[in-house]
Amino acid sequence: EEQGQGEGSQPSGRIEFLPLEWYGPIHVDVGIGNRLKNVTLKSVSSLRDFANFALADVMVYLDDQWRERIHEELLRKMANLWKLFSERTSDYSGEVAVIGHFLGSVIMFDLMQKGLEKLPQGLHCSPSKDTSGSPKKTMVSAPAKPANVATPGSIDRKGIKILKDHMAKGNIAPLAKGGHAAYEHPVPRCLFAVGSPLGMFLSIRLSQKAQRASRYFRGLDVRWPAVSEGRGWRMFNVFHPDDPIAYRIEPLLNPAYASMNPRVVPHKGGLRWNHQIKSWFSTSASKSPDGGMWDLEGQETFEEVLVVPTEDPASFFEEKPARQSVVTVDRVDYALQVSAFESMNEMLSAIHSHFSYWENEDLLRFIVDQIFESLQTPSKARSSK
C-alpha cells in the first residue's frame, strides 16, 4: 500500500504492509484446530465454524499459560521481521504501525503493555528532562521463557542469568546460551484495532482492579496541557457499526463519551448520501435552545478531542476527589460508514461486517492517512518549540 499526502510537503517514502499471524501456535502446532473439528456437530456448519474461530480463540487466550505462549511467539516473529527489514532497507525510518483484527488487536495491546512503562512522554508520563536530540527508541522486549514452561525458544536457568546480566549492562537483546535470544521490537507509533473486542476485555479487567482505564494507555499522545505534550503512541479503534464483536473504548476513559458518537471515517473524503441526510437531521435537532449540556459550537469543539480525567491515585477512592485534573488526547473510536444497502437490514449487515474490513477502501485510506500524519506530527511539534 503506497500513498503520500500531506499539507505543504509530500511525505517521502512508502508504507509497506508485512503480515504476521498468531493462529498457527494454537490451531496447527498443537492440534487444537483438528480436535475442535472432530468434536464439532455437523448441523449449521457455517455458524459453528464461526464459533470455533471466535469463541475458541478467546477461551484459549484467557488461559495464562497460553496467553504468554502466544505473546512470546508473536513477539519473536515481530522482532525477527523488524530486524530483517531494518538490515535490508537502508533508508528505513524505524517507525512501526500495527493493525490488529479481532483478537489480534487485544494480543498486540497486551504486548505493548510490556513497553509502555519505558515511554518518557505522553499520558501519565513525567515530562522528559532532556528533549534535545533524537530520543532512544522505546522497545517492547520479553526474554525467552524458562525450559519448564514448554514454550518456543526456552532457555535454562543459566541462560536466564546470563540474559539478566546483559540486560543490566544495557543490552536489550543479548544472545543466551544455545543461540536463543530475548526478543525486542519498537513500541508502535500507531495501533489500529479493527473490529476489536478490546473494550470488553478491558471492562472485565477493570472490574477486577480498582484503577483507571487510562493506566492501560500510558504514553498516548497528549494534545493539552502543553507541559504534558510529547510523542508517545496513537490508538485507533476502528469498527463497522454493525459488527457484533466490536466494542468502544472511549467510554472507559471518560463515561461522558458513552452518549457521544464516535468519529466517522471519511468515505472518499466525505459522507455517504445516507449519512448526509442523517447528519442534517441530527444538526437540526441540536439547534434546539433546550437541547443539552453544551451549545452546538461548544459540543463540536468537545467532540474533536477525548478528555481524560487523571486525578491523583490517592484521591481516586474518595467520594469527591481533592483535585480534579484532565488532559486531552486524540479521539480513539472511529466508525466506518454504513452503506445504504447495509442500513436497510442490520442483521444481514452484521453477518458479514466482521470480515469486510480488508476489502473496505475507506479503512485502508484512513490507515495510510493517519500513519503519515502521526509520523509528521512529532517533527512539527519539535520545530515549533
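**Exercise 1. Find which backbone oxygen lies 2.4 Å from a polar atom of the Thr40 side chain, then describe the setting of Thr40.**

Solution. Let's start with the polar atoms: in this predicted model, a polar atom of the Thr40 side chain is 2.4 Å from the backbone oxygen of Leu36. Next, place the residue: Thr40 sits in the loop that runs between helix H2 (32–39) and helix H3 (45–61). Then look for contacts beyond four places in sequence: Thr40 meets Arg48 and Asn52. Last comes accessibility: the relative accessible area of Thr40 is 18%, so Thr40 is buried, the cut-off being under 20%.

**Exercise 2. Work out whether Asp110 is buried or exposed, and which residues it touches.**

Solution. Begin with the location: Asp110 belongs to helix H5 (residues 103–116). Its relative accessibility is 9%, and therefore Asp110 is classed as buried. Now list the partners, setting aside residues up to four places away in sequence: Asp110 touches Tyr61, Arg67, His71 and Arg205. With Tyr61, the side chain of Asp110 also makes a polar contact of 2.5 Å.

**Exercise 3. Give the strand order of the open sheet, and say why one side of S1 and of S7 is left without a neighbour.**

Solution. First, the order: five strands run S1-S4-S6-S10-S7, with parallel pairing. Strand S1 (97–101) and strand S7 (263–264) are at the edges and have a single partner strand each, so one side of each lacks a neighbour in the sheet. For S1, pairing with strand S4 (residues 190–194) is parallel and spans five bridges; Ala97 stands opposite Cys190 in S4. Finally, add the helix: H5 packs on the sheet and touches S1 and S4, and its direction is at about 135° to that of S1.

Conventions: Residues numbered from 1 in each chain as written. Predicted model: local features only at pLDDT ≥ 70, side-chain atom pairs only at ≥ 80, totals over all residues. Heavy atoms only, no water. Helix = DSSP H or I, 4+ residues; strand = E, 2+ residues; numbered from the N terminus. Buried < 20%, exposed > 50% of the residue type's maximum accessible area, 1.4 Å probe, protein only. Polar contact = N/O pair within 3.5 Å; in protein donor to acceptor, adjacent residues only side chain to side chain. Contact = heavy atoms within 4.5 Å. Pairing = 2+ DSSP bridges. Axes fitted to C-alpha atoms, helices over the stretch in contact; angles between N-to-C directions.
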